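Here are some comments on the model you sent round, set out as numbered points. Please read them with the coordinates open.

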Amino acid sequence: MKQKTVAVVGAAETTEMGKIPNTSQLMLHADAALNAMKDAGLTAKDIDGVATAGDSPVEIAHYLGITPTWVDGTSVGGCSFMLHVRHAAAAINEGLCNTVLITHAESGRSRVGARRFSRDPASQSGQFEVPFGITNPPTMFTIPALRYMKQYGVTEGDVAHVAVVQREWASKNPRASFRDLITVDDVLNSKMIAWPFRLLMCCLVTDGGGALILTSAERAKDFPQKPVYILGTGESCETPMISQMEDFTTSKAFRVSGKKAFDEAGIRHSDVDHLMIYDAFAHLPIYGLEDLGFCERGEGAAFIREGNTRPGGKLPLNTNGGGLSYMHSGMYGMYALQESVRQMRGIAPAQVPGAKISIAHGVGGMFAASGTIVFSNEPL
Amino acid sequence: MAEYNRPLPSPTPETRHFWEGCREGELRLQRCTSCTESYFPPRPFCPACGSREVEIYKASGKATLYSYIINHRPRPDFGDQPHSIAVVELAEGPRMMTNVVDCPQTPDALTLDMPLEVTFEKANDEISLPKFRPAKG
Ligand SMILES: [Zn+2]
């Protein structure tokens with residue numbers, strides 16, 4: 001896409017986060033959307049583009065009273081919202097619509113009005129993975145990690161360290177689900193889930209949602225909030241089955257999406273002030289740092305262990321506490337985008353001083369898909 | 001034999017030969033007659049070059065352990081002990097998900113790259129699942 005031609009002018013999460021048993025999933029979408037519209041000074045009548053994942057954009061548009069001229073229901077897992085941002089930017093530039101609302105909500109913990117997830121036994125995964133005992137992300141997303149650890153000599157303690165650092169960030173965020181500092185031993189002594197993964201290496205399961213509103217950079221100047229410009233975008237996908245990932249030590253979808261976003265943005269890695277990498281599990285930031293090109297292969301874990309991503313480090317990473325400590329309703333990509341927008345607006349609870357470029361990198365499914373957005377708070 | 005209460009595959013027209021092979025004690029792969037690529041899961045064309053000229057053949061059943069977890073989450077249908085969920089690399093190249101059986105389900109016993117061989121676990125008259133055990137000799 002063309003750099004800085006589109007901006008985020010509204011961004012908000014649900015009013016509450018964590019455990020919200022008195023609200024359906026559909027209303028969580030609406031709550032986030034209404035908060036984002038208020039943030040942007042808009043009403044539903046001003047919105048002419050709608051995107052969401054998991055649930056239908058038709059349902060969201062009708063519930064909110066929006067008549068769109070552009071609809072995107074791309075649903076490739078937790079990074080879908082990165083893809084929506086990318087598609088929305090293209091649609092706005094092409095004149096298909098002017099003002100796009102992207103929503104995410106999931107009653108992931110309370111399961112109020114939440115869709116059921118089941119795999120057809122005739123699907124590829126249903127035939128070639130489900131019969132061997134995979135149940136949910138903790139028994140799927142974790143499978144490649146051992147190969148990575150053997151190839152690069154990365155220890156269980158190194159993986160645990162990712163969770164320790166993210167808890168440091170979470171401790172600065174009043175909205176984070178878990179804020180008490182932890183040690184590597186705490187992580188290694190937490191309940192075994194799927195060896196080598198312990199409980200504290202796995203994301204939370206919470207209720208919540210978020211929404212973004214995008215419009216042209218031209219119009220963005222007239223909105224109440226400081227515009228956050230889209231500088232570059234990327235997307236890709238690899239496989240619906242974790243067992244069929246090309247190389248268990250690196251994500252092809254990450255590499256393709258990340259490179260596309262960097263190329264579009266025309267930036268170097270040293271230009272990046274703030275980074276979000278979707279951390280469904282503790283190995284994800286390690287893969288992300290390498291596949292996005294911030295570290296050489298095999299050096300991601302040491303990069304984190306040495307303090308580069310912690311508060312005060314040279315590359316602040318997952319500054320809201322991440323899916324491991326902040327919140328994770330099921331499709332966390334929206335929250336990574338929200339934190340990037342807060343950092344670019346300068347209002348994050350753990351604000352990176354003077355940050356000008358932020359990247360939000362998402363994963364969908366189990367290394368199945370990926371989306372990357374580069375934000376800037378400086379106009380063209 | 002106790003009734004098999006785990007989730008089972010529903011073969012489709014494109015995968016039926018694989019599951020029929022398992023029932024008959026054969027691990028069947030496909031390969032392209034144009035570019036000779038072996039591939040899995042089954043489909044009636046070559047994912048490497050797009051050719052529909054493909055053949056089914058009996059694989060050696062030899063593999064090595066590529067990666068795995070030991071699941072500690074409750075799966076009563078898999079018993080009350082932690083169990084492996086593994087991905088093996090077949091001698092012919094493709095990888096597949098499976099369980100490593102006839103072996104302690106511990107990190108010490110399950111070492112990456114250990115040689116394995118296929119064994120078939122009968123679920124019912126239609127379906128046998130390909131599992132892998134430490135190779136003998
Ligand atoms: Zn071929």
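1. I begin with the lining of the largest cavity, which by class has eight nonpolar residues, one polar residue and no charged residues. This is a predicted model, and the remarks below should be read with that in mind. The residues in question are A145(A), Y148(A), M149(A), V154(A), V159(A), F197(A), H283(A), I286(A) and Y287(A), and they enclose about 40 Å³ of space. A search of the whole structure finds one cavity of 30 Å³ or more.

2. Which elements give two or more residues to this lining? They are α5 and α10 of chain A, and the largest share, three residues, comes from α5(A).

3. Helix α5 of chain A, residues 145-152, deserves a paragraph of its own, and its buried residues are A145(A), L146(A), R147(A), Y148(A) and M149(A). The cover over these buried residues is drawn from both chains: it includes α6 (156-170), β5 (192-195), β6 (197-198), α10 (284-291) and α11 (300-305) of chain A, together with β4 (62-71) of chain B. After the helix comes G153(A), whose phi is positive, near 65 degrees.

4. The strand of chain B that takes part in that cover, β4(B), is joined by three bridges to β7 (residues 115-122) of chain B, and the two run antiparallel. Within this pairing, A63(B) stands opposite L116(B) of β7(B). β7(B) is in turn joined by seven bridges to β8 (residues 128-134) of chain B, again in antiparallel fashion, with V118(B) opposite F132(B) of β8(B). The connection from β7(B) to β8(B) is a hairpin that passes through five residues.

5. Chain B also holds an open sheet of three strands, in the order β2-β1-β3 and with antiparallel pairing. Its edge strands are β2 (38-39) and β3 (54-58) of chain B, each of which pairs on one side only. Strand β1 (residues 28-32) of chain B is joined to β2(B) by two bridges, and R31(B) has S38(B) in β2(B) as its bridge partner. Helix α1 (residues 16-23) of chain B lies across β1 and β3 of chain B, and it runs at about 140 degrees to β1(B).

6. Turning to a loop of chain A, is I267(A) buried or exposed? The residue sits between α9 (252-265) and β9 (274-277) of chain A, and it counts as buried because its relative accessibility is 14%, which is under the 20% cut-off. Apart from neighbours within four places in sequence, I267(A) is in contact with L231(A), F262(A), V272(A), I357(A), I359(A) and V374(A). One of these partners, L231(A), is 36 residues away from I267(A) in sequence, while the C-alpha to C-alpha distance between the two is 9.2 Å.

7. A last point concerns the second largest pocket, which has a volume of about 510 Å³. It is lined by 22 residues, and those nearest its centre come from both chains, namely Q244(A) and E246(A) together with F40(B), R43(B) and P47(B). By class, the lining of this pocket has nine nonpolar, six polar and seven charged residues, whereas the lining of the largest cavity, as noted in the opening point, has no charged residues.

Note on methods
Residues are numbered from 1 along each chain as its sequence is written. Chains are lettered from A and ligands numbered from 1 in the order in which they are written. This is a predicted model: local features need pLDDT of at least 70, side-chain atom pairs count only at pLDDT 80 or more; totals for chains, interfaces and linings use all residues. Side-chain values use heavy atoms; hydrogens and water are left out. On a 1 Å grid over the protein atoms alone, a cavity is a set of points where a 1.4 Å probe fits but cannot get out, and a pocket is an open set with protein on both sides within 12 Å along at least five of seven lines; lining residues have an atom within 4 Å of a point. Grid points are joined across faces, edges and corners, and a volume is the space filled by probe spheres set on the points. Ala, Val, Leu, Ile, Met, Phe, Trp, Tyr, Cys and Pro count as nonpolar, Asp, Glu, Lys and Arg as charged, and the others, Gly among them, as polar. Two strands pair if DSSP finds at least two bridges between them. Helices (H or I, at least four residues) and strands (E, at least two) are DSSP runs, numbered from the N terminus. Contact means heavy atoms within 4.5 Å. Axes are lines fitted to C-alpha atoms, for helices over the stretch in contact, and angles run from 0 to 180 degrees between N-to-C directions. Buried means under 20% relative accessible area, exposed over 50%, partly exposed in between (1.4 Å probe, protein chains only).
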